[in-house]
Amino acid sequence: MYEFAYHRPNSIRKASSLSASGEAKFLAGGQTLLPTMKQRLASPDALIDLAGIEALQGIELKGRTLHIGAMSRHADVASSAVVREAIPALAALAGDIGDPHVRAMGTIGGSIANNDPAADYPAACLGLGATIVTNKRRISADDFFTDMFETALEEGEIITKVLFPLPRRSAYAKFDNPASRYALVGVFVSKRGRDVRVAVTGAGPCVFRVAAMEDALSKRFAAKSLDGISVAAGDLNSDIHASADYRAHLVGVMARRAVAAA
Amino acid sequence: MSNTGIGARVARLEDQRFITGAGKYTDDVNVAGQTYAAFARSEHAHATVKSVDSKAALAVPGVIAVFTGADLEKDAIGPLPAGWMIHSKDGSPMNAPGHPCLVQGKARYVGDPVAVVIGESLAAARAGAEALAIDYDVHEAVTDPAKARSSATQLHDSAPKNTCYEWELGDKAATAAAFKSAKHVTKLSLSNNRLVPNPMEPRSALGNYDAGTDSFTLYTTSQNPHVARLVMSAFLNVAPEHKLRVIAPDVGGGFGSKIYVYPEEVVCTWASKKVGRPIKWTADRTEAFITDAHGRDHVTNAEIAMDERGKILGLKVHTTANLGGYPSLFATCVPTYLYATLLSGQYDIPAIYAEVDAVYTNTVPVDAYRGAGRPEATFLVERIVEIASREMGIDPATFRKRNFIKKFPHQTPVIMNYDAGDYAASLNKACELIDYKGFGKRRREAARRGKLRGIGFSCYIEACGIAPSAAVGSLGAGVGLWESAEVRVNPTGNVEILTGSHSHGQGHETTFAQLVSDRLGIGIDQVTIVHGDTDKVQFGMGTYGSRSGAVGMTAISKALDKVEAKAKKIAAHLLEASESDIEFKDGAFSVSGTDKKVTFPEVSLNAYVAHKFPSDEIEPGLKEGAFHDPSNFTFPAGCHICEIEIDPETGVCEIADWVAVDDFGNVINPMIVEGQVHGGIAQGVGQALMEGVSYDSSGQLMTGSFMDYCMPRADNLPSFKVDTTVTPCPSNPLGIKGCGEAGAIASPPAVINAITDAIGHENITMPATPQVVWQAARQGAARAAE
């Protein structure tokens, strides 16, 4: 690890202004950033720790919308009675991220800002039609995740909370990468009124929706409706763990399992 | 049996300090004035180092010095040698170029150390290493052992066709004749996947030169500190043996990878004199992946011949073994004398012929890893036997029993002379424990749940208690493989055992103390086991090859015999009786037929007070040593049965049940033995289902961290059913055989045999990851549909 300055501001405004100078990085949970820095693959000259900002904390249900503060730890979301009651699939997803150390440190804001192609939260945000609230604006999940490790966030923009509309039914089916236990393929499905969403993480360079599956499920929300529907392997990742063909196959399997569990 | 003696389930004495963080490992040792080393490593798998410009590195604040291979050459610090001579079939000696501790000329794998930077802090050293300007001339790399011999790329000028040796064992003509008379021949091609050992504690070294005594101390993560000292002294010219103290304190696992001398410990020791300061280096996990000797990596074609009843007539094997970029210390013996000599398995096979070509590739050197050669042999034998039984339509248990060796001693056609065993006993017991008869029902029940259930056998044998010296010497070993012990009885009657073996997870502090407790009738808390320091302990050979019980404890036992004999003499004087009337039992010497007795501590005190016996007859003191060189290897054997359920939709394998019935001879501590079996099975399951090194064609390691290299975890494993059968080992007085490697040796074929049973064909490779199994299950379903 190279040397860096450490800041712990107590307001979003201070955090934002600190980020204006030099090569600063926001520290939300650090579960990707810190290992990368330890391996000397990243060398920010300053870290701006967001853990001291009260406004980024908190989980509450407001009407039919679940508000989750950006600095909520995975373990907080997993164990929250509010989340478990409102969107049990989201609590279960958070409880299966990484390992206990990661869940004790990693945050929802940090995870989605990083937009790792194999992370779980992007699938939940896209699969539930979430809205990402920042210190500047509101961004729909459909517009937020733009590419591999890329998001719609601008320089200095800080995620403050994520708003999840309550679905009628939802579930997340994850197929672990055997080594890292990131999602080799993870499929989040939800149904809210006539709106059905199928979001896939792990399989491609960025989380994506499967329109053909959503159409079929909006006619009848049953695993059987997905028979014969597949995603094209051509757009998917291929690596030492899984070929694109295997990933494409798993998208179908995990989607059916998610629907069955929803 | 006392509650702390032989056979007692004593909780491990050393665990208190290990699990409370009170262990003292090499990286925990700090000395005044200490500096830090960072190694600049080749980023290329095959490249000539044209120049190393250290100007910028030396300008980094806190950087003290930079050394390269040229500096080692100037001081005549030799390359790391190969310690076991193998001759090719044409009689020529192997081509075994040494491994310079810092590159001299060419780097031959990604991670080969090119230069070292010494800094006041680790950060300074690392910054310095990054600032080095290394100019490379990059060459084509070869990483696939199957392509090494025909590759246009040559690693070493002295090893044409990238070949170390072309070796053979067995009777070629007799084997050919056996195949001619065969009614059925089964063929198998396989690769035995390359593994990274990954002990919990990464390697570490702290070299310290003392100008006052002109001597060195090296703290290092070693399984055999005396051997490390010998190699560094006799072959590397670092320092004479009496001027080099090697200390291997608590060591957090080795699995073989800490047997060998590595460049970093040599450089830290040598350079500590150059800079006049102690130098510490500790690998991070990334460095461990690209520098610790890897394991396995064979490509093999084999054929087995049977008569019409399934009686095995002969076995033919051709293996290409990947040695990596250089021959590591014991690498050359692993695919030869630790592999082909076990190809008879538990079976009476009249004729065997094996050929092994060992090749160099642009990969991390490969050496012994838990089991070392014997897992490769067992995987081959137990796979081909299973396939043969399936092809011939004979129940796999029946097929094995029909071919088991039943009379002992048994001379195999491949050197080994098996001394004792009862292979049917362990197979029968294992079948009973897993309810083999009920398997069909379990398979049908699984099918109703959409799962494919399979059962796999593995009847393994291994040669361990690695020794005897004369035998290994005749096979090319550069060292003897006896073991040493010294028993120091203190005046107050407690005991220090100095052993030449080394504990790095095996629990010697407990099992060795149990032996002493049993023999001397004192509590195990009265015994201390001393190991791992060349200044304290007499020369010893260290721990590997499941040898510390069979060889190391026998040495202790022999020294205890001498202690008891002398103590009897002293007791006779104390009791004013004839020595021949003295009996020693439960910690007391008594005069037979009387109630006169004296306790062991009383005798100990009198041995040092020395008032009550004539000094011309008996020397004062109570301290005895022994060296033990056994007459044979030991031959643990047993049967493991694995049941697996496959989800055909995803290829995920779940181990549904596991039975291990092992014959380790007499057992000192059943709990420690079970722990060794559990850990060994976990490693074997890792090899079968998860672990596998992957290099790309340019020689970059694709599995360089736990993100990509999959280690087995607790939730991958079932609760094992572990049991034993016992045929005592005849070649040592304790009757023990060794248990450290058995689980890793036995388990891979049990897993793969279960998977292939479930999917209905044999075409599968290790590691059988979900993707591999999914594809294989689809092939199986397609075949079944035809």
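# Working through chain B

B:K316 has B:Y353 standing opposite, in β15(B). Keep that pair in mind for the exercises; the model is a predicted one.

**Exercise 1.** Work out how strands β14 and β15 of chain B pair, and in which sense.

*Solution.* Start from the pair above: B:K316 faces B:Y353 of β15(B). Now widen the view to the full strands. β14 of chain B covers residues 312–324 and β15 of chain B covers residues 351–360; the two run parallel and share 10 bridges. As background, strands in a sheet pair through backbone hydrogen bonds, in either a parallel or an antiparallel way.

**Exercise 2.** Place those two strands in their sheet: what is the strand order in chain B? Then find which strands are at the edges.

*Solution.* Read across the open sheet of 5 strands and you get β7-β15-β14-β13-β8 in chain B, with mixed pairing. The two ends of that order are the edge strands, β7 (163–170) and β8 (184–192) of chain B, each pairing on one side only. From one strand to the next, the twist averages 10°. Next, look for a helix packed on this sheet. That's α10 of chain B, residues 374–391, which touches β8, β13 (298–306) and β14 of chain B. Its direction makes about 145° with that of β8(B).

**Exercise 3.** Do the same for the sheet of 7 strands in chain B: what is the order, and why does each edge strand have a side without a neighbour?

*Solution.* This one is also open and mixed in its pairing, ordered β3-β5-β1-β12-β9-β10-β11 in chain B. At the edges, β3 and β11 (244–247) of chain B each have a single partner strand, so one side of each lacks a neighbour in the sheet. The twist here averages 20° from strand to strand. For a close look at one pairing, take β9 (204–210) and β10 (215–220) of chain B: they run antiparallel, joined by 6 bridges. Within it, B:L206 has B:Y219 of β10(B) as its bridge partner.

**Exercise 4.** Which strands do helices α4 and α8 of chain B lie across, and which α4 residues are buried?

*Solution.* Take α8 to begin with: residues 263–275 of chain B lie across β1, β3, β5, β9, β10 and β12 (279–282) of chain B, at about 25° to β9(B). Helix α4(B) lies across β1, β3 and β5 of chain B, running at about 25° to β1(B). In α4 (122–131) of chain B, the buried residues are B:A124, B:A125, B:R126, B:A127, B:G128 and B:A129. Their cover includes β1 (35–41), α2 (55–59), β3 (63–68) and β5 (113–119) of chain B.

**Exercise 5.** How many residues does each side give where domain 1 of chain B meets domain 2 of chain B, and where chain B meets chain A?

*Solution.* Chain B is split into domain 1 (31–139 + 200–253 + 258–291), domain 2 (298–467 + 632–785) and domain 3 (482–628). The C-alpha centres of domains 1 and 2 of chain B are 36 Å apart. Their contact draws 24 residues from domain 1 of chain B and 22 residues from domain 2 of chain B. The domain 1 side breaks down as 15 nonpolar, 6 polar and 3 charged.

Now go between chains: chain B puts in 15 residues and chain A 10 residues. On the chain B side, helix α20 (770–785) gives the most, with 3 residues. By class, that side has 8 nonpolar, 5 polar and 2 charged residues.

**Exercise 6.** What confidence does the predictor give chain B and the complex?

*Solution.* Chain B averages a pLDDT of 96, and 100% of the residues score at least 70. For the complex, the ipTM is 0.95 and the pTM is 0.96.

Terms used:
Residues numbered from 1 in each chain as written. Chains lettered and ligands numbered in written order. Predicted model: local features only at pLDDT ≥ 70, side-chain atom pairs only at ≥ 80, totals over all residues. Pairing = 2+ DSSP bridges. Helix = DSSP H or I, 4+ residues; strand = E, 2+ residues; numbered from the N terminus. Axes fitted to C-alpha atoms, helices over the stretch in contact; angles between N-to-C directions. Contact = placed C-beta atoms within 7 Å. Buried ≥ 20, exposed ≤ 12 C-beta atoms within 10 Å, placed from the backbone. Domains from an automatic or database assignment. Nonpolar A, V, L, I, M, F, W, Y, C, P; charged D, E, K, R; others polar. pLDDT = per-residue confidence, 0-100.
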